[in-house]
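Have the sequence and the model open side by side. We will go from one surface site to one helix residue, and then to a whole helix.

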Amino acid sequence: MKKLLIGLCTVTAAVASAHSSAHALGALSEVEGQTPAREQLARGQALWDQRLSKSAIAALEAAARDKETAAAAHEALGRIYTYKGWLQDNVLPGWHDEPSFRERALAELRAAVAADPTRASAQEALTAAEGYAAADAVDPAPPRPEIRALDAKLQSYQTQREAPIAEILDALEARAKAQADPSPFFTAAQILIDRGEYDRAMRIAERGAGVSDRFIDENLSAYMLPGKSAGSYARGRSQAADLVGWASLLKKDLAGAAAKLGEAERLSQGADFANQFHLGELARAQNAPQQARDHYLNALSLAGGPAPLRQRATDALKASQADASNAGGFDAWLETELTRRRDERKSAALKSLIDRPLPKLALTTVEGRPYDSSGLRGKVLLLNFFASW
């Protein structure tokens, strides 16, 4: 079994790579001399390279109905379904493997081989998928090297203060073209805010909100539960609103900042470090020290956030408490306040689940078959949540 899993890890990397560069290069020769079917094939492959799965599948299904492109289209669909069925777990935030696609993957790849028995790439993909189906566990696909390189280039401008703005925008567009998720827009917006390019940053952040919604729409089934997709929509919109609000504050537009930062707080349910820190800064600018104190404490009670901002929030609290006589000093007071807020948040979360009906869960058995949870109504049920990794 160990040898099988090691071999599958190697095949996983090979198949995942084939979804992008190698497979896309192979597609170029197949779509020369465009016909409607070939155009759909090329479009579907390009959309999948961007991880826009719903539109990619629709285009490839159209191409699969034409004998001329059937083999290539069935193979492309099989590769997408293989990825969705076995390889996408946590590849992007909120994504899960979708066992319902596994049989479809095998069927599409067998259809590709049947349409063209000489098609070696389809045979290779079918062998890999059959290996996944027989394995006890399959590792998620590794990050695509080209995406990782484009992310690294864009992020490098966080420290390259002298780089031209046009160069940053080119890096953003290159990354957005390669994969259609919203993260490069939010990264670029923050870089531009740090450069004082507030209006440009706001436009890019707002564009990122639309990109986020579309990306989730295109991959809705990957989130499995409605609550997870709703949370993902809210996170994208919250991040965009927070960036716009922060840029507005730095422009001294306090009313605009209050509106957008408040919107971000509602969307994130007060659980985003950056947003709480920005609200603290807004309250200070509005000469509202008690509100500033509450937001800084909320921020520090949350996990995450860059160390420099956490230190700035701590320093602001220390300055606000300078004249207060706290038993045990500032550090003891701060730890007491943070513990209290964390406990209150935990208690509120638990209370929110009491006396509410169990949501409709998309469950599967260990054999991968759908499981109808409606038969559990009226019974005492223990749910054990765990992660396969």
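Helices and strands here are DSSP runs, numbered from the N terminus; a strand needs at least two residues. The model is predicted.

Start with leucine 383. This residue sits in the segment that follows β2 (370-371). Its relative accessible area is 36%. Buried would require under 20%, and exposed over 50%. Leucine 383 therefore counts as partly exposed. It also belongs to a nonpolar surface patch of about 410 Å². Leu358, Leu381 and Phe385 make up the patch together with Leu383.

Now move to serine 248. Find it in helix α12, which covers residues 226-250. Is serine 248 buried or exposed? Its relative accessibility is 4%, so it counts as buried. The serine 248 side chain reaches the backbone oxygen of valine 244, at 2.8 Å. What does serine 248 touch, leaving aside neighbours within four places in sequence? Its contacts are Met202, Asp253, Gly256 and Ala257.

Finish with helix α17. It runs over residues 329-351, 23 residues in total. From first C-alpha to last, helix α17 reaches 33 Å. That is close to the 33 Å expected at 1.5 Å a residue. Which residues of α17 are buried? They are Phe330, Trp333, Leu334, Glu337, Leu338 and Arg341. Glu337 and Arg341 are among the buried residues, alongside Trp333 and others. Trace where this buried set packs: against α15 (289-300) and α16 (307-320).

Notes. Residues are numbered from 1 along each chain as its sequence is written. This is a predicted model: local features need pLDDT of at least 70, side-chain atom pairs count only at pLDDT 80 or more; totals for chains, interfaces and linings use all residues. Side-chain values use heavy atoms; hydrogens and water are left out. Patches are made of residues with over 30% relative accessible area and no salt bridge: like charges are joined within 9 Å, nonpolar side chains (Val, Leu, Ile, Met, Phe, Trp, Tyr) within 5 Å. Accessible areas come from the Shrake-Rupley method with a 1.4 Å probe; for residues, only the protein chains shown count as cover. A salt bridge is a side-chain nitrogen of Lys or Arg within 4 Å of a carboxyl oxygen of Asp or Glu. Helices (H or I, at least four residues) and strands (E, at least two) are DSSP runs, numbered from the N terminus. Buried means under 20% relative accessible area, exposed over 50%, partly exposed in between (1.4 Å probe, protein chains only). A polar contact is a pair of N or O atoms within 3.5 Å; within protein, one must be able to donate a hydrogen and the other to accept it, and residues adjacent in sequence count only if both atoms are side-chain atoms. Contact means heavy atoms within 4.5 Å. The expected span of a helix is 1.5 Å times one less than its number of residues.
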